[in-house]
Amino acid sequence: MTGTSVLAIKYKDGIMMAGDTLSSYGSLARFRDTRRIVQAGDYTVVGATGEVSDYQHIKHLLEEVLIEEYYTEDGHKLGPRNIFEYLSRVMYNRRSNFNPLWNYLVVAGFKEGDKFLGYVDLRGTTYQASTIATGYGSMIAQPLLRKAVEGRENEVTEEEALKLLEDSMRILWYRDARAWDKIQVAKVTSEGVTISEPYKLTTDWTVGEYVKGYGA
Amino acid sequence: MFRNQYDSDITTWSPQGRLFQIEYATEAVKQGSAAVGLRSKTHAVLLALKRSSGELASYQKKLVKIDAHLGVAIAGLTSDARVLTTFMRTESMRSRLVFDRPIPVHRVVAAVGDKAQINTQRYGGRPYGVGLLVVGADDAGPHLYECNPNGTFYDYVAMSIGARSQSARTYLEKTYQGFADASLDDLIRHGLHALRDTLQQEKELTVLNTSIGIVGVGKPFEIVEGEELKRYLSLLDSTSNPAAPPAGSADAAMEDAPPAEGEPQVAVDTAAEERQAGDRMEE
């Protein structure tokens, strides 16, 4: 069971992330209401592409770590950079045991004025950037995100950011055969974490009338 | 062979509800040379009195840097302290490796406490014979903790451990109210005053026998020793202890220098004998 693209960008007030709700069984659209973005602590969200069961395992690991952090009660809280480092160690350790967790993770957060956006995959490869896209999105959406965001990380408004992600998710829904038109959008700002309920993208198929040569 | 029926095994209770081996470990801390710790809103400092076994010997190290934001002062068995400080360094590095975060001071202290407690409940071992003063700075500000052989640890504004440390605590109890807003130099001056009060008569703080550890919010832990100490020692009006209790008083029974050959080691023995006498009375 696999999930497809996750997109995330930095913007004026923090970071925003989007992903759809489909779990595919090969090319079969098997589960259409699964959530692939999770909150991790007070300042972070983690989005996952790839094997859904491995992602659920990663959620359990994060929950364990966060519960320990909570009951220690010494006034310290894990921020996005801490969670990113932890996940990168888990992912690299698993690949080193020839038993990788088959995921492409996006860690995004905002803590004490510090925007964070990082990527870690099944090989333990990491990087940080002001836009990140996984899966099909890394080919189709990433150039659009870069063009809109790079150099303007502190200028892009919330409305602009949301439109950019929705437009990109719509394009993926049109062109990625493993994508879905129900998405969730998450944001992390100084106000904290919000993850939207799944909602449907608006679509426009009028162009279909003009497509010729596919048996229509 | 044993002074007491309940002496031999760490896990065996006395009928009075005591574990003697733990109490003896606490005595070992009281025989180590003194260490003082105190903190303000911005800094935490350690001050320790180093001891040498003779004219020809070097002074034994009293302060240990654990991490950029963390340091400890030790009193008691130095070799046990090495085990604990190595453990603390490992925990610090683990925190940096796994979470990319300097370990919160409370956590490393709690880990030491957990480790020490195990030795009070499992047979075949012994408690650590060392007490620690831990200073560190993290997101929650500067901290000072004390760790004991029995596994307990406490958060302090100011504390002292080791030989004749009661005198230092008396000084700190009189002056601690000014510590929160004190400048770093004032904090160190108070610390040196407290440390000076633990000295035997005719002894004084010198660049050889004094160690200072400083850490602050945004200031890495640093040990000040040798010539650099002059600036701090000059903050004192006099480096000898004006109010030292006369030799032979109860406090002076814990000698700073190792006992001379043939001389009985009275400190622990007296304490144990007093207890035995007490036990008999209670029976």
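Here are some exercises with worked solutions on a predicted model with chains A and B.

**Exercise 1. The make-up of the two chains**

Find how many helices and strands chain A has, and do likewise for chain B.

*Solution.* Step one: go through chain A, where you should find five helices and 14 strands. Step two: turn to chain B, whose secondary structure comes to seven helices and ten strands.

**Exercise 2. The overall form of chain A**

Work out why the radius of gyration of chain A agrees with that of a compact globule.

*Solution.* Start with the length, which is 216 residues. A compact globule of that length would have a radius of gyration near 17 Å, and chain A has 17 Å, so the two agree. Next, look at the extent of the C-alpha trace: along its principal axes it spans about 65 × 40 × 30 Å.

**Exercise 3. Inside and surface**

For each chain, state what share of the residues is buried and what area is exposed.

*Solution.* Take chain A to begin with. Buried residues make up 49% of its 216 residues. The chain exposes about 11200 Å², and carbon and sulfur atoms supply 50% of that area.

Now take chain B. Of its 283 residues, 49% count as buried. Its exposed area is about 13800 Å², with 52% supplied by carbon and sulfur atoms.

**Exercise 4. Contacts across the sequence**

Among contacts between residues at least 6 apart in sequence, find what percentage in chain A joins residues at least 24 apart; then find the matching figure for chain B.

*Solution.* In chain A, 63% of these contacts join residues at least 24 apart. In chain B, residues 24 or more positions apart account for 66% of the contacts with a separation of 6 or more.

**Exercise 5. Charges in chain A**

Count the positive and negative side chains of chain A, and say how far apart the centres of the two sets lie.

*Solution.* The count gives 26 positive and 30 negative side chains. The centres of these two sets are 7 Å apart.

**Exercise 6. Two residues in strands**

Locate A:Thr44 and A:Lys111, then decide whether each is buried or exposed.

*Solution.* Begin with A:Thr44, which belongs to strand β7, residues 44–51 of chain A. Its relative accessibility is 0%, so A:Thr44 counts as buried. Beyond residues up to four places away in sequence, A:Thr44 touches several others, among them A:Val38, A:Gly79, A:Ile83, A:Val107 and A:Val193.

Move on to A:Lys111, in strand β8, residues 103–111. The cut-off for buried is under 20% relative accessible area. A:Lys111 has 15% relative accessibility and therefore counts as buried. With residues up to four places away left out, A:Lys111 touches A:Tyr43, A:Lys77, A:Gly79 and A:Pro80. As a further check, compare A:Lys111 with A:Arg36: they are 75 residues apart in sequence, and their C-alpha atoms are 22 Å apart in space.

**Exercise 7. Two loops in chain A**

Say which loop holds A:Thr21 and which holds A:Gly124, and list contacts of each residue.

*Solution.* A:Thr21 sits in the loop between β3 (14–20) and β4 (23–25). With a relative accessible area of 0%, A:Thr21 is buried. Setting aside neighbours within four places in sequence, its contacts include A:Phe31, A:Asp33, A:Trp180 and A:Pro198.

A:Gly124 sits in the loop between β9 (114–121) and β10 (126–128). Its relative accessibility is 16%, so A:Gly124 counts as buried. Outside its neighbours within four places, A:Gly124 is in contact with A:Met91 and A:Tyr92. A:Arg95 is 29 residues away along the chain, and its C-alpha atom is separated from that of A:Gly124 by 7.0 Å.

**Exercise 8. Positive phi angles**

Find the loops that hold A:Glu73 and B:Asp100, and give the phi angle of each residue.

*Solution.* Keep a general rule in mind: most residues other than glycine have a negative phi. A:Glu73 is not a glycine, yet it has a positive phi of about 50 degrees. A:Glu73 lies in the loop between α1 (52–72) and α2 (80–96) of chain A, and at 71% relative accessibility it counts as exposed.

B:Asp100 also has a positive phi of about 50 degrees, although it is not a glycine. Its loop runs between α2 (78–99) and α3 (105–118) of chain B. B:Asp100 has a relative accessible area of 45%, so it is partly exposed.

**Exercise 9. An annotated span**

Describe residues 6–28 of chain B, using the UniProt record and the model.

*Solution.* From the record: an unreviewed UniProt entry lists this span as "domain: Proteasome alpha-type subunits". From the model: the span is 39% helix and 0% strand, and its end C-alpha atoms lie 18 Å apart.

Conventions
Residues numbered from 1 in each chain as written. Chains lettered and ligands numbered in written order. Predicted model: local features only at pLDDT ≥ 70, side-chain atom pairs only at ≥ 80, totals over all residues. Heavy atoms only, no water. UniProt positions renumbered as here; feature names shortened; annotations may be inferred. Helix = DSSP H or I, 4+ residues; strand = E, 2+ residues; numbered from the N terminus. Rg over C-alpha atoms; globule rule 2.2 N^0.38 Å. Buried < 20%, exposed > 50% of the residue type's maximum accessible area, 1.4 Å probe, protein only. Contact = heavy atoms within 4.5 Å. Areas by Shrake-Rupley, 256 points an atom, 1.4 Å probe, with all protein chains shown as cover. Lys, Arg positive; Asp, Glu negative; His and termini not counted. Charge placed at Lys NZ, Arg CZ, Asp CG, Glu CD.
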